[in-house]
Amino acid sequence: LVASASARQAGRRRVFSFMGRDSSEMSPLGNAGLPAFVSACPFAASRRILRRMTTLLIATRNAHKVAEIRAILGAQFRYLTLADFPGAPTVVEDAETFEGNAAKKATRLAAWVAQGAAGNAIPSGWLLVLADDSGLEVDALHGAPGVHSARFAALDAAGQPAGNSSDADNNAKLLRRLRDVPREQRTARFRCVIALVEALPA
């Protein structure tokens, strides 16, 4: 299998995570993976929330990512993103795993919404927060750059700045690290993990 699902408790909030190679191959069923994951979560499986319009708050300002998720999930949800909430908290992605970062973002944003900080911008009805983390895992580098993919080159700088590196700098560093690795051994995968959290009242 190229995907797996898990659940854990974060206070009163249940966190469900789904892992696959990318957002379009998140199960052996291809594009069916993400909607199947959303529907299969225990709080959705009862169909209570899927009988009426459910809002998905996607924890990103990346318009391309939002368009991709909407194309996969279709019109069964109402969609909001961080672009709709300029005051949403910034979450530092400092976990050691993709699942940890995705769950941290989803849980923090769900708590923020549940406290009423989003004001009247949240429609009535059931709201779920969807967050993701992703990156490149290179076998010859023991899974690196992994969660550090976006800032792979920046990690070499003094003080290890929190900002991301350019794609060109990251690719250049990756090729330097693989310089002595034969081409046939340069196997890798792009890993994506999605977390889904209920925005329960505080």
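Here are some notes on a predicted model, going from its strands and helices to a few side-chain and backbone details.

1. A good place to start is the unit built from strand 3, helix 3 and strand 4, which is a right-handed β-α-β unit. Strand 3 covers residues 54-58 and runs parallel to strand 4, with 5 bridges joining the two. To find one of these pairings on screen, look at L56, whose bridge partner in strand 4 is Y79.

2. Strand 4 itself is worth a second look. Of its 5 residues, 4 are buried, so the strand is largely enclosed by the rest of the structure. F77 and Y79 are both buried. That makes Y79 handy as a landmark, since this buried residue is also the bridge partner of L56.

3. Now for helix 3, residues 63-73, the helical part of that same β-α-β unit. Which residues of helix 3 are buried? They are V66, I69, I72 and L73. Viewed down the helix axis, these buried residues fall within an arc of 130°, so they line one face of helix 3. The face turned away from that buried side carries A63, H64 and A71, which are exposed. As background, an α-helix has 3.6 residues a turn, so residues three or four places apart point the same way.

4. Helix 5 can be read in a similar style. Its buried residues are N170, K173 and L174. Down the axis of helix 5 they fall within an arc of 100°, so here too the buried residues line one face of the helix. What do they pack against? The buried residues of helix 5 pack against strand 5. On the face turned away from the buried side you'll find the exposed residues A168 and L175.

5. K173 deserves its own point. Besides being one of the buried residues of helix 5, K173 has its charged end over the ring of F152, 4.2 Å from the ring centre.

6. How many aromatic pairs does the structure hold? There are 2. One is F77 with Y79, an edge-to-face pair with 6.4 Å from centre to centre and 70° between the planes. The other is F85 with W112, also edge-to-face, at 6.0 Å centre to centre and with 80° between the planes.

7. The F85 and W112 pair is the one to trace along the chain. F85 lies in the loop between strand 4 (77-81) and helix 4 (98-114), while W112 belongs to helix 4, so the pair ties together parts that are 27 residues apart in sequence. Are these two rings on buried or exposed residues? F85 has 4% relative accessibility and counts as buried. W112, at 14%, counts as buried as well.

8. Finally, check the backbone in the loop between strand 5 (127-138) and helix 5 (167-177), where P145 lies. The peptide bond from A144 to P145 is cis, with omega near 0°. H142 is found in that loop too. Although H142 is not a glycine, it has a positive phi of about 60°. With 77% relative accessibility, H142 counts as exposed, whereas F85 counts as buried at 4%.

How values were computed. Residues are numbered from 1 along each chain as its sequence is written. Side-chain values use heavy atoms; hydrogens and water are left out. Rings of Phe, Tyr and Trp (its six-membered ring) pair if their centres lie within 6.5 Å; planes under 30 degrees apart count as stacked, over 60 as edge-to-face and the rest as tilted. Buried means under 20% relative accessible area, exposed over 50%, partly exposed in between (1.4 Å probe, protein chains only). A charge sits over a ring if NZ of Lys or CZ of Arg is within 6 Å of the ring centre and within 35 degrees of the ring normal. Two strands pair if DSSP finds at least two bridges between them. A crossover is right-handed if, with the strands pointing away from the viewer, the path from the first strand over the helix to the second runs clockwise. The arc is that of the directions from the helix axis to the C-beta atoms. Contact means heavy atoms within 4.5 Å.
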